[in-house]
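Student: I'd like to learn how to read a structure like this one. Could you take me through it feature by feature?

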Amino acid sequence: MSTTINTDTTSSFAALAAPAAAATPASSDAQDRFLKLLVTQLKNQDPLNPMDNAQITSQMAQISTVSGIDKLNATLQSMATTFGASQSLQATSMIGHSVLASGSALELQNGTAMGGVELAQAADQVTVSIRDAAGQLLHKADLGPQAAGVFGFQWDGVTDSGANAVPGSYSFAIEAVQGGKKIDATALARGLVIGVTQAKGGAALNVIGLGQVALSDVKQVM
């Protein structure tokens, strides 16, 4: 029996921004209404107590602030839309690649099953325990000391009894120790990307065995 380790680095994702958009019709309507009210106010003001320049300037500054906020909102909306489209386009390049994301599923096919681990800090010892669908422990392996970050491991399907496990679905758990104390270790499942979906929070990958996975949740791309 053997369990091997893969220490490929995590892939990164680029983001693009779009040019600013023009002011919305609602912003123009607000300015028109303000100017009409201001002109009406000037026409009907008390000749003996007219508005001074400071009052007029103050009101002009208020409408400018409102207009500026409307323009900023329109610009941010345009940037978000363009970013989402760009992100989806970039994500399509991952179709056909395997990714590591949070999960404990392990698929044994052709005598090989692959998973991964994410460590928040370096560990003196990392142990992986593999179980069948009934929860029975089949294989426990020491992955040795590991640096902080993401790394992969591989199981050849041989159990601790020396038998070959049948192809299918299994699960695994990770335990990491540093200085005699347990530390946080996240199990990462491996799956094949077969498509991209534009979800509410942005582009998401359709991954076999993992379902929809947000780009931000992908820890490594192979």
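Student: Let's pick one residue to start. In which strand is Ser98 found?

Tutor: Keep in mind that this is a predicted model. Ser98 sits in strand E2, which covers residues 98-102.

Student: Is Ser98 buried or exposed?

Tutor: Look at the relative accessible area, where under 20% means buried. Ser98 comes out at 15%, so it counts as buried.

Student: Which residues does Ser98 touch, leaving out those up to four places away in sequence?

Tutor: There are two groups to look for: Arg190, Gly191 and Leu192, then Gln220, Val221 and Met222.

Student: And what about Gly180, buried or exposed?

Tutor: Gly180 has a relative accessible area of 69%, so it is exposed. You'll find Gly180 in the loop between E8 and strand E9 (181-183). The C-alpha atoms of Gly180 and Ala123 are 9.7 Å apart, while 57 residues separate the two along the chain.

Student: Now the strands. How many bridges join strand E5 to strand E6, and how do the two run?

Tutor: For any pair of strands, check the bridges and the direction. E5 (residues 123-131) and E6 (residues 137-146) are joined by 7 bridges and run antiparallel. One place to see this is Val128, which stands opposite Ala141 in E6.

Student: What do E5 and E6 form, and how many residues are between them?

Tutor: They form a hairpin, with 5 residues between the two strands. Have a look at Gly135 in the turn, where phi is positive at about 90°.

Student: How many bridges join E5 to E8?

Tutor: Here too you'll find 7 bridges, and E5 and E8 run antiparallel. Gln125 stands opposite Val177 in E8.

Student: Where do the side chains of a regular strand point?

Tutor: As a general idea, they alternate between the two faces of the sheet.

Student: On to the aromatics. How many aromatic pairs does a search of the whole structure find?

Tutor: The search turns up 2. To read a pair, take the distance between ring centres and the angle between planes, where over 60 degrees counts as edge-to-face. Phe153 and Phe172 have ring centres 5.1 Å apart and planes at 75°, so they are edge-to-face. Phe153 belongs to strand E7 (residues 149-155) and Phe172 to strand E8 (residues 168-178), so to speak a link between distant parts of the chain, 19 residues apart.

Student: Are Phe153 and Phe172 buried or exposed?

Tutor: Phe153 is buried at 2% relative accessible area, and Phe172 is buried at 4%.

Student: At what angle are the ring planes of Trp155 and Tyr170?

Tutor: Their planes are at 85° and their centres 5.6 Å apart, so this pair is edge-to-face. Trp155 lies in E7 and Tyr170 in E8, so the pair ties together parts 15 residues apart in sequence. Trp155 and Tyr170 are both buried.

Student: Which elements have the lowest and the highest mean pLDDT?

Tutor: Strand E1 (residues 3-6) has the lowest, at 61, and E5 the highest, at 97. For the protein the mean is 79, with 67% of residues reaching 70 or more.

Student: Where does pLDDT stay under 50?

Tutor: That happens over residues 8-24. Where pLDDT is low, the predicted coordinates should not be read in detail.

Student: And how many helices and strands does the protein have?

Tutor: The secondary structure comes to 2 helices and 13 strands. Of the 222 residues, 33% are buried.

Technical notes: Residues numbered from 1 in each chain as written. Predicted model: local features only at pLDDT ≥ 70, side-chain atom pairs only at ≥ 80, totals over all residues. Heavy atoms only, no water. Phe/Tyr/Trp six-rings, centres within 6.5 Å; stacked < 30°, edge-to-face > 60°. Helix = DSSP H or I, 4+ residues; strand = E, 2+ residues; numbered from the N terminus. Buried < 20%, exposed > 50% of the residue type's maximum accessible area, 1.4 Å probe, protein only. Pairing = 2+ DSSP bridges. pLDDT = per-residue confidence, 0-100. Contact = heavy atoms within 4.5 Å.
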